[in-house]
Structure formats: structure tokens, C-alpha cells
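Please open the model in your viewer, with the sequence panel alongside, and follow the stops below in order. Each one suggests what to select and then describes what is there.

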Amino acid sequence: MEMFHITDVITALRLPYPALGQTSYYIKCPCCDDEFSRSKHLNINLKKDVFRCPRCNVSGGVLDLYALFAGVSRERAYKALSQDIGTPMLSNRPKIKIGNNAPHQTLCECPLTDVDSRHATYSALLAKLTLANDHKKNLMNRGLTENDIVRLGYKTTPIVGMTSIAKRLQSDGLYLAGIPGFYKTESGMWTFVAEQRGILIPVRDSNGRIQGLQIRRDNVQKRKFRWFSSTDRNEGCKAEGWTHLAGNISQQIILTEGPMKADVINALSGHTVLAVPGVNALTHLKIALEKLRESGTTTIQTAFDMDFCTNIHVRSGLDNLLRLLDEMGFRFGTYLWDPSYKGLDDYIWAQKNK
């Protein structure tokens, strides 16, 4: 039996090619991705000669990919592909044997789904959870009111029942594939990560949509804040370092570290606050700043914890950030306060209590 490689199908049907050096990449799924959206859920693996969409579960090998996009049966795909590019010649390139036993391997990776789907799933998840009394007290001790806490959507991480909650979310018609934090068990059931107990923090974009969740973990000294992520899990998905906007877009905003800190500063002062997950985590910052600039933001005041004065790594990250602001044409400055208060949120809250 003659053999084709999956790149033959990509060439014949003029499907998008991967970036140089990539062997696994995503294109729009013809079954579940809207042609007008930016979503891409169909994974093509060049090394394994397979494809799969974790959102709608369409999958297969070389001929299946041709049949899917050409709109022909699998039985006709070989003949049609031969007519398109000619009978394949044996060479040194990777090949896959065509036949009924072609490998349909399950890919363990899952592409990030669009922000609207993430927002819908995370909102429904948070609606099914509660906030423990000790966590509510912790947030109020930071300066948030009960109304603030409800508005922001903070909840306590569940200890049990993750698979049951995931099943209810699916029954409500919500997507779990491509949502960081969710993954499949060995038995094929959707669930989400059982993290250490803590506070779930919605990380929102400029439209108020939940891009992802962070967890403020109880009783830890290092890495207190972690992303709600299911990387390295079966059909899991990695969280990205999204920025978080607290308040309405305005001409002048404050830039700080951490979504919870941004929410508290906004609640206490009324100022709009943009948060990065860390002073050295700037991957998504430029994208967020471009949107803010288009919406009229001209001035940015940085307000990172006062340890930037003594911590060389924090200072280096802040210098890189300031260079970015300068390159993008923003006016900028840095807030300073009594260094006995680590963060601007602590300082504002202390002044309000005097």
C-alpha cells in the first residue's frame, strides 16, 4: 500500500502551515470553530501523523484529515489525494501506513479556548462554589466590603466533588476542553485540579471577562499565589500570565503586581488598576497596554511593592517595564509611600483606618 504524510494533506488542501520548527500546532476546527472568531482547536501533530480537536472530539490520521476538509468519504480520500498531488513515492520523510488500522492516538495536549468560553465556564464554576468564613474575614481585613467580595466573585477552592461539578457544567452546555484547570481522569471523566485550600481570584480583561483564575493558597510562605492550571494533565490546559484590570478604563491608571492587590486598591481608592502577575511577567502586558492606549489611557503610575528599592531582581524587572512604557509612548511615574507598608493596598487601608 502506498503511503502519504500528513503534510501532503496540508499542501493539497492549502491548510495553514505551522511556524518554523513546530511539529504540533492548531488550526480552526471545521466542526466547532466559528470562522469569524480567533479560536483554533484542531491540533495537527506532524510527527505522529494524527489530528484531534479536544472540543468536539473529531480525530484521525492522514486520510481522515483529508476527508474532513475535502468533504469526501475516507474510502475516497486516498484516490482523491493521489489525484491532487500524485501517487506518493517512498522517501526518507516521515510516513504513515494507510489502512483501517491507522493509528488514532489520543493527544494529551489541549489548546487554550477563546476568552468568551473561558468566561462562561469560570463564571458558572464560581456560581457553584461558596466563600468560607475565614476567607471572607481575610478579604474584609484587607479593606473589601461584603458587596465588593460579591462583585468580584471570590470563592473558596473546593476540597471534594470536582468531578461532580465538572459533570454539571457539561450538562449546562459549557466547554471544559481548553479551559485551564480542567482535565480528564484515567476513566475519561472531566474534572478539575484539586489544589491546596485557598481563595479563587478571577483575573479579568478590560471587558470584565474572566480570562483565568488565580489561587491564594492558605498557610504557605512561598508561591502563595498560583494559577488555576492543569498543565501536564490528560487533556489539561496551561494558564497564561494574563493581566487583570480593576475598574473602568481611564486616562490615568495604576500598574501593580497581582490581581487581588489591584482589586483592593481599586475598591479603596476608586482608581483604575492594571495588574501583572509578577514584575517580570510582561508577556501579556504589551497587548493589554495597546488596548488601553486605543481606549484613551495616556498616563501610567507604577505601584509595585516597596521591596523594589532593595531587591535587585524586582528592580531589574521594573526597569524593563518602564522601558516598555517609554517605547509605547506613555507618560509614567512611580508611586512611593512609607516603606513600613509593603504594598500600596496596605498603605491606603492603614490611612483609612487612622
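Begin by selecting residues 252-257, which form strand β14, together with residues 299-302, which form strand β16: these two strands run parallel and are joined by four bridges. Please keep in mind throughout that this is a predicted model. Within this pairing, Gln-252 has Thr-299 of β16 as its bridge partner.

Now add residues 331-334, strand β17, which pairs with β16 in the parallel sense, again over four bridges. Here Ile-300 is the residue to highlight, since its bridge partner in β17 is Phe-332. In general, the side chains of a regular strand alternate between the two faces of the sheet. With side chains displayed on β16, Thr-299 and Gln-301 can be seen to point one way, while Ile-300 and Thr-302 point the other way, and all of them are buried.

Before moving on, zoom out to the whole chain, which comes to 11 helices and 17 strands. Of its 354 residues, 49% are buried, and among the contacts with a separation of 6 or more, 63% are between residues 24 or more positions apart.

The next selection is a second sheet, an open one of four strands in the order β7-β10-β11-β12, with antiparallel pairing. Which strands stand at its edges? They are β7 and β12 (225-227), and because each has a single partner strand, one side of each is left without a neighbour in the sheet. If you look at β11 and β12 by themselves, you will find three bridges in the antiparallel sense, with Gln-214 standing opposite Trp-227 in β12.

Keep this sheet on display and select residues 115-127, helix α4, whose 13 residues reach 18 Å from the first C-alpha to the last, close to the 18 Å expected. The helix lies across β7, β10 and β11, running at about 45 degrees to β11. Its buried residues include Val-115, Arg-118, Tyr-122 and Leu-125, and the elements that the buried residues of α4 pack against include α7 (162-171), β8 (182-184) and β9 (190-192). At the N-terminal end of α4, select Asp-114, which caps the helix with a side-chain oxygen 3.3 Å from the backbone nitrogen of Asp-116. Helix α5 (residues 133-141) also lies across β7, β10 and β11, and runs at about 55 degrees to β10.

The remaining stops are single residues in loops. Select Thr-157, in the loop between β7 and α7, which counts as buried because its relative accessibility is 6%, under the 20% cut-off. Leaving aside neighbours within four places in sequence, the residues in contact with Thr-157 are Gln-196, Arg-197, Gly-198, Leu-200 and Ile-215.

Move next to Asn-219, in the loop between β11 and β12, where phi is near 55 degrees, a positive value in a residue other than glycine. Is Asn-219 buried or exposed? With a relative accessible area of 79%, Asn-219 is exposed.

Finish at Glu-235, which is found in the loop between β12 and β13 (244-246). Phi of Glu-235 is near 60 degrees, and this too is a positive value in a residue other than glycine. Glu-235, however, counts as buried, at 3% relative accessibility.

Methods:
Residues are numbered from 1 along each chain as its sequence is written. This is a predicted model: local features need pLDDT of at least 70, side-chain atom pairs count only at pLDDT 80 or more; totals for chains, interfaces and linings use all residues. Side-chain values use heavy atoms; hydrogens and water are left out. The expected span of a helix is 1.5 Å times one less than its number of residues. Buried means under 20% relative accessible area, exposed over 50%, partly exposed in between (1.4 Å probe, protein chains only). Contact means heavy atoms within 4.5 Å. A polar contact is a pair of N or O atoms within 3.5 Å; within protein, one must be able to donate a hydrogen and the other to accept it, and residues adjacent in sequence count only if both atoms are side-chain atoms. Two strands pair if DSSP finds at least two bridges between them. Axes are lines fitted to C-alpha atoms, for helices over the stretch in contact, and angles run from 0 to 180 degrees between N-to-C directions.
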